[in-house]
Amino acid sequence: MDQDAPPKGKLFPRTACGAKIEFDPASRSLKCPYCGHATVIASPEESAEVVERDFEEYLDKVEHMDGAPIAGHESQVRCSGCGAMVLLDAKVVTEKCPFCGTHLENEPESAAGMIAPESLVPFKNDFRHARSVFETWIGGLWFAPTELKQAANLGQLNGIYVPYWTYDAMTHTPYSGQRGDDYQVTESYTAKDANGNDVVRTRTVTHTRWSSVSGEVEHFFDDVLICGTKSVPEHLIGSLAPWDLDKLEPFSPDFLSGFKTERYGIGLKEGFRVAKKVMEPEIVRLIRRDIGGDHQRIADKRTQYLGVTFKHLLLPVWVANYRYRDKLYQILVNGRTGKISGERPWSAWKIIRLVLLVLAIVFLFAFLASRSARGADAV
């Protein structure tokens with residue numbers, strides 16, 4: 001063993017200026033922020049493979065895991081505001097929670113055992129690009145408070161690797177239910193004609209013939225993506241999709257240099273429960289298609305999930321948070337595509353002012369039309 005080689009995942013200062021190096025998305029390199037020296041991270045070899053892990057096997061292991069989960073991120077701190085468990089990079093000074101801006105009062109502790117990520121999608125857009133997207137989004141908001149630009153602290157825009165799970169599963173679903181087939185019949189009925197006399201008329205009426213059915217459907221689900229964080233609203237993080245998972249690479253601690261990383265708040269077992277809910281609509285759709293007919297009733301279904309595998313991966317997100325009138329607002333930017341999702345306050349006064357302006361214009365046009373009409377009558 002070479003005793004002079006650094007431990008895997010350990011980054012050392014540049015000898016020229018002594019600064020800590022960070023991952024630069026634009027150049028895909030480990031770059032010194034001061035002297036500019038860069039070491040390019042090689043693209044993964046064609047033989048490099050992102051591994052799927054056996055779900056049942058890891059359920060047995062997860063109860064007994066210990067030790068540092070990620071090289072270079074051996075400590076963690078829990079936010080008292082939103083509950084996020086942030087894995088700390090030794091080179092990044094973290095005083096505030098990147099998700100909610102709460103001051104991190106708790107002292108960092110050794111990171112508890114976890115299922116370490118084995119793949120990730122690296123950042124592609126750097127801080128400048130994310131900030132530009134953020135400013136454009138804020139600048140395009142209608143009825144936003146004038147103070148919003150000042151209230152949004154752009155200096156708190158943080159690059160964070162957010163934990164995700166993906167699940168693969170072969171599903172087998174026996175079902176029972178009913179199939180409804182429509183048919184038409186002609187019926188006679190009595191009605192009044194235009195003169196008030198009773199007349200017999202006919203009409204076509206649709207009825208449904210129901211029959212009992214049973215069967216089974218199978219489907220393979222590939223890479224059902226489940227977010228592993230509870231630190232941001234589900235609708236915000238969900239709006240960043242789609243993710244280019246075809247750019248998924250085997251995990252390397254180098255990509256995390258200079259960024260924050262959150263420990264998953266939704267575990268492996270809980271994540272699969274969520275994945276089942278995601279799979280459910282597709283299973284129901286397949287059952288209805290298998291039943292056929294014009295209408296379907298599903299009385300019972302029991303899905304078996306076979307050969308379940310998973311991946312724990314990290315996806316890149318730029319996060320900004322700000323408070324306006326004591327309420328927290330969050331904005332997320334996809335670190336690959338630049339797609340933005342955010343919450344915003346509304347200015348009640350600006351909305352009222354617009355309504356008053358519209359009403360004034362309406363009254364003005366009504367007044368002018370009234371004067372014009374009186375003038376025409378006088379002539």
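## Exercises on a predicted model

At 63% relative accessibility, Glu49 counts as exposed. The structure examined in these exercises is a predicted model.

**Exercise 1. Locate Glu49 and state which residue, 201 positions away along the chain, has its C-alpha atom 6.7 Å from that of Glu49.**

Solution. Begin with the position: Glu49 belongs to the loop that runs between β3 (38-40) and β4 (53-54). Next, consider the accessibility of 63%; exposed means over 50%, so Glu49 falls in that class. Finally, the C-alpha distance of 6.7 Å leads to Pro250.

**Exercise 2. Determine how many disulfides the structure contains, and explain the result for Cys82 and Cys97.**

Solution. Recall that a disulfide is a covalent bond between the sulfur atoms of two cysteines. A search of the whole structure gives zero disulfides. For Cys82, the nearest cysteine sulfur is that of Cys97, at 3.7 Å. A disulfide requires sulfur atoms within 2.5 Å; the sulfur of Cys97 is therefore too far from that of Cys82 for a bond. As to their surroundings, Cys82 is partly exposed, with a relative accessible area of 28%, whereas Cys97 is buried at 1% relative accessibility.

**Exercise 3. Describe the largest nonpolar core and identify the element that gives the most to this core.**

Solution. The largest nonpolar core comprises 48 residues. Within this core, the residues with the most contacts are Phe55, Tyr161, Tyr167, Leu268, Met279 and Phe310. Several elements give two or more residues, among them α1 (55-61), β9 (158-192) and β14 (304-324). The greatest contribution comes from α5, with eight residues. There is also a second, separate core of 25 residues, which includes Val77, Phe99, Leu104 and Val162.

**Exercise 4. Classify the ring pairs Tyr58 with Phe310 and Tyr167 with Phe272.**

Solution. A pair of aromatic rings is described by the distance of the centres and the angle of the planes. The whole structure holds 14 aromatic pairs. In the pair of Tyr58 and Phe310, the ring centres are 5.2 Å apart and the planes meet at 80 degrees, so the arrangement is edge-to-face. Tyr58 lies in helix α1 and Phe310 in strand β14, so this pair links parts of the chain 252 residues apart. Both Tyr58 and Phe310 are buried.

For Tyr167 and Phe272, the centres are 5.3 Å apart and the planes stand at 50 degrees, so the pair is tilted. Tyr167 is in strand β9 and Phe272 in helix α5, so the pair ties together parts that are 105 residues apart in sequence. These two residues, Tyr167 and Phe272, are likewise buried. In addition, ring pairs join Phe123, Phe127, Tyr161, Phe259 and Trp318 into a cluster.

**Exercise 5. Examine the backbone at Pro242 and at Asp223.**

Solution. As background, most residues other than glycine have a negative phi, and most peptide bonds are trans. The bond that joins Ala241 and Pro242 is cis, with omega about 5 degrees. Pro242 is situated in the loop between α4 (234-238) and β11 (249-250). Asp223, although not a glycine, has a positive phi of about 55 degrees. This residue, Asp223, lies in strand β10 and is partly exposed, at 26% relative accessibility.

**Exercise 6. Name the residues that make the nonpolar surface patch of about 480 Å², and place Val355.**

Solution. The patch is made by Ile352, Val355, Leu356, Leu359 and Phe363. Val355 belongs to helix α6 (residues 348-378). With a relative accessible area of 44%, Val355 is partly exposed.

Methods:
Residues numbered from 1 in each chain as written. Predicted model: local features only at pLDDT ≥ 70, side-chain atom pairs only at ≥ 80, totals over all residues. Heavy atoms only, no water. Patch = residues over 30% accessible without salt bridge, like charges linked within 9 Å, V, L, I, M, F, W, Y side chains within 5 Å. Areas by Shrake-Rupley, 256 points an atom, 1.4 Å probe, with all protein chains shown as cover. Salt bridge = Lys/Arg side-chain N within 4 Å of Asp/Glu carboxyl O. Helix = DSSP H or I, 4+ residues; strand = E, 2+ residues; numbered from the N terminus. Buried < 20%, exposed > 50% of the residue type's maximum accessible area, 1.4 Å probe, protein only. Core = buried A, V, L, I, M, F, W, Y, C linked by side-chain atoms within 4.5 Å. Phe/Tyr/Trp six-rings, centres within 6.5 Å; stacked < 30°, edge-to-face > 60°.
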